[in-house]
Amino acid sequence: MSRYFYYIILINMVANIIASVPYILLHFYNDGSISAMIIATITGTIIITVYAKFFIQFPGQTLPDLLKQTTAKWFYAPLIFIMAVVWFFAGMITLITFTFLLIRYLTPEMPIVLISLSIILSVILGCFIKTDRVLYTIEIVLLLTLPLIIYIFLKAYTDPNINWDFVKEAALYINQMPNFESFTASFYLFLGVANLFIFNRFFTIKQKFGWKQIITIFLITVSTLFTTYFVPIGFHGTENIDHLIYPWIQTSDSLRMKYSLIERVLFVFLLFYLCIAFLSMLIHWHVSVEYLKYLFTFEKIKYRGFNLGIFIPPTLFTLISTYFVQVINEYHLFRLSSFLNITLSVFFPFMIIVFFYIKRRMKYAKNTK
Amino acid sequence: MNTQETLLWINEQFANTNELTQKTLEYESKNISYMYIKSLIDKELLQKILLKPFFEMSNMDQYKLYVQALPQYQEISSKEQALLEIMNGNILLEIDNELLLIELKLSKNDAVSSASVEMTIHGSQLALSDNLMTNINLIRSYYRQPTLNIEYMSYGEVNQQKVALVYDSEKVNEQALKLIREKIQRVDKQLISAANQFNNYLNDKRFSLFPQMVMTERPDRVIYNIGGGKIIILEDGSSQSLAAPVVFFDFMITMEDDYHTIVISTFLRMLRYLGFFISLLLPSIYVGVTSFAPEVFRTELALTVAGSRMGVPFSSFVEVLFMLFFMELLLEASIRLPKAVSATATTVGGLILGTAVTEASLASNIMVIIVSAVAISTFVIPVNEMAFAIRIVRFLLILITTIFGLAGLTLGFLVFIMYLVSLDSFGEPYLRVYNYRKSKKRSEGQA
């Protein structure tokens, strides 16, 4: 499998730490989070395998391409539109979460609109660049940021303040029945593969996807989920951990780099995770805009020969998300993101049925030719 | 093509100058006539290879055969070509009512100069000359492959400068070659004086910040680029050549990298990238940290910075812009000034940027250190054009940081990367990570 395939999956996994995933998981720490995580890991690996196996059969074809070839317009048009909205919301939730983080921890006196605008304006440029360029950007930014992020994780694991007894205690709750909300939250980590819907356009040469790839992905997710869940518990204990709004930010603030220029890891963590959040939003909004391009031909809208149409989706995105940033508070945000998690974890397994249908129709089309 | 008509026509074209020399020789039933431009011709050579044999040989047929056997001999296809070749330093010879061209150009610019822009300690000290043929001679003698292909053309409506495209026809990037040929056809300029101008003429975008071609004066770099499948543009009268397509990393290598041991060159490369990041980000980080989030640095450092800024009446970004502005002025001044004056400029400038500005508390001591660090690390970038582009990006980043703070700086840097990635240089992505182990076969496509 091409290395770019892993990046798409990896971004979603790494970005979960700043999303609401740790909050939801830790909220239900004594109510079935661990068993939910185990189930999510298994189903998640299965869904990644199914998705990847499906798309490597159609090299270079996006899902909208396939849908247009095999299904009727009344079916695919609403479906693609819904997907565009879902991807837009996924990006927007990352945006709002990070805006809240920045205003809370880095620049409290800056107006919230200004902060969110700075993120939106930088991400929106990604809507204009080509799909392969998005992947190249991801690779370079990951190369620059990932080493330090991994260093922070290692630092957290080796910190003297981490108390493994807490971790062991928390692990005892494995016997609880799995909690659905925890399941959806940890399932979210695996859904990066859904970006293949558009990014499959890039993989025009047939890829291999075998046990090696499955095991690699499985190991990466297990370690990410383990880090996401147990490191905050190791630092803060289980008592009242369900009241922490940003468990990972608190955890990173418990770390100190004694001899470095920047003593508090929090700032390094925030700024480097801003890069990851940027990438996550870049992927989501890029996919969303590409969906919209399948539904509407924006190039047709012109004003005095100037192509106005391509600016419509970015402008809409900017307006809607600046509106939401202002009206939403943190409680709403968590409700919204767990609602999104639930929708996604129902929606994406359902897509497998569509895949089967497409596959049969494509086979039929091939045979009749 | 009528010989007399052609001669008349050429005479007409030169009617307004007295540079054209015309002579007729008659001796023992032999006769020739010739015309040339006095200032372009090597007179000794003319005497030795054309005039002396004329008087020595027994008949006209032998002389004609002799002239046609000369390596400088050239056939004539049209009268326009004859005119152009006369202006290139040829002699137009008439024998038995037939026209012949002999190249006897006198070149005063064919000395190979020593490298002055891209200096190295190890490696060759030679640079290209101003003469196209000398340069091609250099390239050919360093790159011994029959596949080395050279296409000549001339550009500039007024000065008709000779331009050459040099590439290895087996290794060349076909798509880029096609694009360059296409774009070079469209070049419509009155005067072309240096190869560097093609960097703009072959660029479709009106405003572009980053160079689309890499400029070099070193023959070894030219060879290295040809071997890598690039296309070289050479021009007569210009000691710089251009190579395309380029990627960002081309601007970060020096030829010396291959001449050092691997550990040393890795170290030097890391140093260079570090310098790149410092020159790009350091001033903005200073603005972001002092004005927006002083708590980011460890307490001692934050206090030192704040203490150093005591008495400075500006906010940090005015301070940074003030100092950087003077640094840029100093840089620009020291390039253009005559050598005798430039020493004064640097001394005066050094005094301002050095101690006086802190004593007058217009800038903090730390700011002075930062500005000098930035200046030094900008010089570390090996190719000048990239260093110029970085200087501009640096100001943009300072502006963004002034408005949006440290988070804005991070995002601005990401946008900078995204911009570089989205650029194209003749069909090649400008910035991407290459896997050199399997550079030939792609494991995925291109969307």
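These exercises work through a predicted model of two chains, A and B.

**Exercise 1. Determine how compact chain A is for its length.**

*Step 1.* Take the secondary structure. Chain A has 15 helices and two strands.

*Step 2.* Compare the radius of gyration with the globule rule. The radius is 21 Å, close to the 21 Å that the rule gives for 369 residues, so chain A is as compact as a globular protein of that length.

*Step 3.* Add the dimensions. Along the principal axes, the C-alpha atoms of chain A fill a box of roughly 65 × 50 × 35 Å.

*Step 4.* Add burial and contacts. Buried residues make up 46% of chain A. Among its contacts between residues at least 6 apart in sequence, 86% join residues at least 24 apart.

**Exercise 2. Do the same for chain B: is it compact or spread out?**

*Step 1.* Chain B has 14 helices and 12 strands.

*Step 2.* Its radius of gyration is 29 Å, and the globule rule gives 22 Å for 447 residues. The value is well over the rule, so chain B is more spread out than a compact globule.

*Step 3.* Its C-alpha atoms fill a box of roughly 100 × 60 × 40 Å along the principal axes.

*Step 4.* Of the 447 residues in chain B, 30% are buried. For contacts with a separation of 6 or more, residues 24 or more positions apart account for 65%.

**Exercise 3. Check two annotated spans of chain B against the model.**

*Step 1.* Read the record. An unreviewed UniProt entry gives "transmembrane region" for several stretches of chain B, including 273–293 and 313–331.

*Step 2.* Look at residues 273–293 of chain B. This span is 95% helix and 0% strand, and its end C-alpha atoms lie 26 Å apart.

*Step 3.* Look at residues 313–331 of chain B. Here the span is 84% helix and 0% strand, with end C-alpha atoms 26 Å apart.

**Exercise 4. Find which side of helix α5(B) holds its buried residues, and what covers them.**

*Step 1.* Helix α5 of chain B runs over residues 132–142, and Leu132(B), Asn135(B) and Ile139(B) are buried in it.

*Step 2.* These residues lie on the same side of α5(B), because they cover an arc of only 65 degrees around the axis.

*Step 3.* Recall the helix geometry. An α-helix has 3.6 residues a turn, so residues three or four places apart point the same way.

*Step 4.* Name the cover. It includes β7 (161–168), α8 (219–227) and β9 (231–235) of chain B.

**Exercise 5. Describe the side of chain A that touches chain B.**

*Step 1.* Count the partners. 38 residues of chain A are in contact with 29 residues of chain B.

*Step 2.* Locate the helices. α6 (112–124), α7 (131–158) and α13 (265–295) of chain A each supply at least two residues of this side. The largest share, nine residues, comes from α7(A).

*Step 3.* Sort by type. This side of chain A has 23 nonpolar, nine polar and six charged residues.

**Exercise 6. Trace the largest nonpolar core and the contacts of Phe278(A).**

*Step 1.* The largest core has 153 residues. Phe278(A) is one of those with the most contacts inside it.

*Step 2.* Helix α13(A) gives the largest share of this core, 24 residues.

*Step 3.* Leave aside neighbours within four places in sequence. Phe278(A) is then in contact with Ser122(A), Val123(A), Leu411(B) and Leu414(B).

*Step 4.* A second, separate core has 31 residues, among them Leu179(B) and Ile381(B).

**Exercise 7. Is Ile174(A) buried or exposed?**

*Step 1.* Ile174(A) sits in the loop between α8 (164–171) and α9 (180–187) of chain A.

*Step 2.* It has 12 C-beta neighbours inside 10 Å, so Ile174(A) counts as exposed.

*Step 3.* Beyond residues up to four places away in sequence, Ile174(A) touches Ile34(A) and Ser35(A).

Key. Residues numbered from 1 in each chain as written. Chains lettered and ligands numbered in written order. Predicted model: local features only at pLDDT ≥ 70, side-chain atom pairs only at ≥ 80, totals over all residues. Helix = DSSP H or I, 4+ residues; strand = E, 2+ residues; numbered from the N terminus. Buried ≥ 20, exposed ≤ 12 C-beta atoms within 10 Å, placed from the backbone. Contact = placed C-beta atoms within 7 Å. Arc of directions from axis to C-beta. Rg over C-alpha atoms; globule rule 2.2 N^0.38 Å. UniProt positions renumbered as here; feature names shortened; annotations may be inferred. Nonpolar A, V, L, I, M, F, W, Y, C, P; charged D, E, K, R; others polar. Core = buried A, V, L, I, M, F, W, Y, C linked by C-beta atoms within 7 Å.
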